[in-house]
Amino acid sequence: MNTPAMPHPQCVWDIRAQLGEGPVWSTREQALYFVDIVGQAIHRLDPASGARASWQAPARPGFVVPASDGTLVCGLKDGLYRFDPRTGAFHRMVEVEPEHPGNRINDGCVDSKGRLWFGTMDDEEGTPSGALYSVTRSARGLDLLRHDEGYVVTNGPGISPDGTRLYHNHSPAGLIYEFDLATDGSLSNRRIFARVDNGYPDGVVVDSAGTLWVGVWNGGRIERFQPDGTRLEPIAMPALNVTKVAFGGADLRTLYVTTARKSTPDDVLARNPQAGSLFSLRVDVPGQEPHAFPAA
């Protein structure tokens, strides 16, 4: 069982983001990236040196993931963009959902085959216009495929260590779905994997033992589920809105946690003044090796 070695999370960047999200570890840089969706910013932390950097995005960024050439792939409101942190430049790679101008891209991850998985959502969080997509690089370019739809707010996705299962959230319903993931990237047999009460399941990450780590929005905690759905002891966080975790460090045993100040009552902020900041703690079982999206 994966349990934290430190009883209390430590604040490693007192940034107090409005909507901190999407932490992801860059193996190439040995650094952590994450976004502030409402603040339209991308942030980078080098844990070894303590160096920090931030860039403004041209629209709300849902996620960033490393690409194989040292750039990043960023999900903005209207599509996937290549972002070069060396220059700060954004270049659109593929348009997403022009037929749904009220939607935006939310959470994403890259699997061991180099496929990028991400979800879309209604930016007003009221209409089930969101969907789950994958993007694969082929000889033709970028192949965008819609796998599932009917979501108000999507979160995740996360992939099992053996690459045979994909987890994805319908957050307002409190549901974590599990799909069978075939080697060709097709999904089937959607079923309910777990339900989250007293809050809403936000981002999902799966560690090397197959345990799901789920940030809980309006729940002040991280939930954990074994591969068979057994619920483990949650980890309390000093923020009401816990959005997502990422495993980083040379041994992938440092857990980084993003949080948000958005929609937090003033009395709760008074008790948790660092809400919206980036936290970390050490864990016993490492995460999975991060994967980069193929640049070409």
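**Close-up A. Arginine side chains over aromatic rings.** In this close-up, Arg190 lies over the face of Tyr177, at 4.1 Å from the ring centre. The model shown here and in the other close-ups is a predicted one. A second arrangement of this kind involves Arg224, which lies over the face of Trp213 at 5.4 Å from the ring centre.

**Close-up B. Strand 16 and its two pairing partners.** Strand 16, which spans residues 175-181, is mostly covered, with six of its seven residues buried. Strand 15 (residues 165-170) runs antiparallel to strand 16 and is joined to it by six bridges, and within this pairing Asp180 of strand 16 is the bridge partner of Arg165. The hairpin made by strand 15 and strand 16 has four residues between the strands, and in it Gly174 takes a positive phi near 75°. Strand 16 also pairs with strand 17, again in the antiparallel sense and over six bridges, and here the bridge partner of Tyr177 in strand 17 is Ile192. Five residues lie between strand 16 and strand 17 in the hairpin that these two strands form, and Gly185 in the turn has a positive phi of about 90°.

**Close-up C. Two edge-to-face ring pairs.** The structure holds eleven aromatic pairs. One of them is formed by Trp13 and Phe34, which meet edge-to-face with 5.6 Å from centre to centre and 90° between the planes. This pair links distant parts of the chain, since Trp13 belongs to strand 1 (residues 10-13) and Phe34 to strand 3 (residues 31-36), 21 residues apart. Both Trp13 and Phe34 are buried. In the pair of Phe193 and Phe225, the ring centres are 6.2 Å apart and the planes stand at 75°, so this pair is edge-to-face. Because Phe193 lies in strand 17 (residues 187-195) and Phe225 in strand 20 (residues 221-225), the pair ties together parts that are 32 residues apart in sequence. Phe193 counts as buried at 12% relative accessibility, and Phe225 is buried with a relative accessible area of 3%.

**Close-up D. A cluster of aromatic rings.** Tyr33, Trp55, Phe83 and Phe90 are linked into a cluster by ring pairs.

**Close-up E. The open sheet of strands 6 to 9.** Four strands make up an open sheet in the order 6-7-8-9, and their pairing is antiparallel. Strand 6 (63-66) and strand 9 (89-95) stand at the edges and each has a single partner strand, so one side of each is left without a neighbour in the sheet. From one strand to the next, the twist averages 30°. Strand 8 (residues 79-84) and strand 9 run antiparallel and are joined by six bridges, and in strand 9 the residue that serves as the bridge partner of Gly79 is Glu95.

**Close-up F. The surroundings of Arg282.** Arg282 has its place in strand 24, which covers residues 278-282. At 24% relative accessibility, Arg282 counts as partly exposed. The side chain of Arg282 makes a polar contact with the side chain of Asp251 at 2.6 Å, and it makes another with the side chain of Thr254 at 2.8 Å. Although Arg282 and Phe247 are 35 residues apart along the chain, their C-alpha atoms are separated by 9.4 Å.

Note on methods
Residues are numbered from 1 along each chain as its sequence is written. This is a predicted model: local features need pLDDT of at least 70, side-chain atom pairs count only at pLDDT 80 or more; totals for chains, interfaces and linings use all residues. Side-chain values use heavy atoms; hydrogens and water are left out. Rings of Phe, Tyr and Trp (its six-membered ring) pair if their centres lie within 6.5 Å; planes under 30 degrees apart count as stacked, over 60 as edge-to-face and the rest as tilted. Buried means under 20% relative accessible area, exposed over 50%, partly exposed in between (1.4 Å probe, protein chains only). A charge sits over a ring if NZ of Lys or CZ of Arg is within 6 Å of the ring centre and within 35 degrees of the ring normal. A polar contact is a pair of N or O atoms within 3.5 Å; within protein, one must be able to donate a hydrogen and the other to accept it, and residues adjacent in sequence count only if both atoms are side-chain atoms. Two strands pair if DSSP finds at least two bridges between them. Axes are lines fitted to C-alpha atoms, for helices over the stretch in contact, and angles run from 0 to 180 degrees between N-to-C directions.
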